[in-house]
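Biologist: I'd like to understand the words you use for this model before I trust them. Can we go through them one by one?

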Amino acid sequence: EAKNAGRRTHRFFAPAMEAAVQSRRSLKQDLRNAVDAGEFSLVYQPIIALETNEPVAVEALLRWWRAGRGEIPPSVFIPIVEEMGLIGTLGEWVLREACATAAGWPRAITLGVNLSPLQFRKHGFVLDVVNALRHAGLPANRLDLEVTESALLARDVATRVALHELHDLGIRLSLDDFGTGYSSLQSLRSFPFDKIKIDMSFVRDISMDADSAAIIRAVIRLARDLGMKTAAEGVETRAQRDWLARQGCTEGQGYWFSKPISAAELHTLLAQPRRADEPIYPTQALMQ
Ligand code: C2E
Ligand code: MG
Ligand code: MG
Ligand code: MG
């Protein structure tokens, strides 16, 4: 009986698996060509100081417009790019493109760039970063490299050396998606992070879940005691914004302030003089 069921399942899934393998193969093929085809682009999301309501940083986020298929989210294609061994090449493109864009902003605010932990293991990675900054004419202290926690990050010696070198050059470092990895406190001790980005899964639940609220409060307190800033991700409501500000969280990022927008839209936004007490961002109006 079980054997029969197994056989039936096998027959049923074989074509589906075949199709999955096929589509993965074509996805990889398309990814290989995507840089040359100009299918990658960057969007930019403002990060706001909760005390002043002013943008203090902007995070660059990668987008892939796949010919004939539309937009594929980074959560889907980045792991495949990593697996293919192409993240170094793509990451360098992101860094150069973002630094060049940020150098032209009308305000001297910080540029946040996401890095895959794999990028740190590349020999000469620190030099690549320095060259990107030099080429763009962007001061080192305007670049903030966002790194997520992973086993790799905690154990790899090359990573540790690279992060300290970058920090010594004046480049800022943020621990991204804090709370979702599995060695949070160890990473805080081993690496010279300037900022903790609190994962949006905690922020989403603050009004319904006392535990999430307690965890965020503790993280803010911990960061303050360690001399680090805190940024809350995924702030979508005024209530969340206000609560985070009351707890002393230094920065917020999320649809309440602005969705990720194009380089041109961001430039216009940063060029506008604004009143500090009202966050006037394009998508906030749309969402109300
Ligand atoms: P992340 O670094 O944590 O980036 C924040 C993500 O949250 C972005 O998703 C952003 O669009 C989304 N987000 C911001 N505010 C809100 C909000 O209020 N509500 C909701 N629901 N979402 C919000 P995105 O752009 O899809 O990127 C996903 C992840 O992909 C990033 O998470 C980052 O880990 C990775 N990623 C993006 N660009 C790059 C890149 O250039 N290089 C590398 N290595 N990873 C990247
Ligand atoms: Mg990030
Ligand atoms: Mg994040
Ligand atoms: Mg995240």
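Modeller: Sure, starting with "donor": that's an N, O or S atom within 2.8 Å of the metal (3.2 Å for Na, K and Ca), and water isn't among the atoms, so sites may look incomplete. This is a predicted model, where local features need pLDDT of at least 70, side-chain atom pairs need 80 or more, and totals for chains, interfaces and linings use all residues. Residues count from 1 along each chain as written, chains are lettered from A and ligands numbered from 1 in written order, and side-chain values use heavy atoms, without hydrogens or water.

Biologist: What makes Asp176 a bridge between the magnesium ion (ligand 3) and the magnesium ion (ligand 2)?

Modeller: Asp176 coordinates both ions, and they lie 3.7 Å apart.

Biologist: Why are Glu59, Asn114, Glu146 and Asp176 called donors of the magnesium ion (ligand 2)?

Modeller: Their atoms lie 2.0 to 2.2 Å from the ion, so they pass the donor cut-off. Along the sequence these donor residues are spaced E-x54-N-x31-E-x29-D. Glu59 sits in strand E2 and Glu146 in strand E5 (residues 143-148), so this pair ties together parts 87 residues apart in sequence.

Biologist: How do you know what coordinates the magnesium ion (ligand 3)?

Modeller: Asp176 (OD), Asp177 (OD) and Glu233 (OE) do, at 1.7 to 2.4 Å, so they meet the cut-off too. Their spacing along the chain is D-D-x55-E. Asp176 belongs to strand E6, while Glu233 is in the loop between strand E8 (229-232) and helix H10 (238-247), so they link parts 57 residues apart in sequence.

Biologist: What makes something a strand or a helix?

Modeller: They're DSSP runs numbered from the N terminus: helices (H or I) have at least four residues and strands (E) at least two.

Biologist: Which residues around ligand 1 are the closest?

Modeller: 22 residues surround ligand 1 (each with a heavy atom within 4 Å), and the closest are Arg63, Asn114, Asp176, Glu236 and Tyr255. E2 gives the largest share of that shell, four residues. Elements giving two or more residues include strand E2 (55-66) and helix H2 (74-83).

Biologist: What makes Asn114 a polar contact of ligand 1?

Modeller: A polar contact is a pair of N or O atoms within 3.5 Å. An oxygen atom of ligand 1 is 2.8 Å from an N or O atom in Asn114's side chain, so the pair qualifies. For the side chain of Glu59, an oxygen atom of ligand 1 is 2.9 Å away from an N or O atom. With Gln45, a nitrogen atom of ligand 1 is 3.1 Å from a side-chain N or O atom.

Note on methods. Polar contact = N/O pair within 3.5 Å; in protein donor to acceptor, adjacent residues only side chain to side chain.
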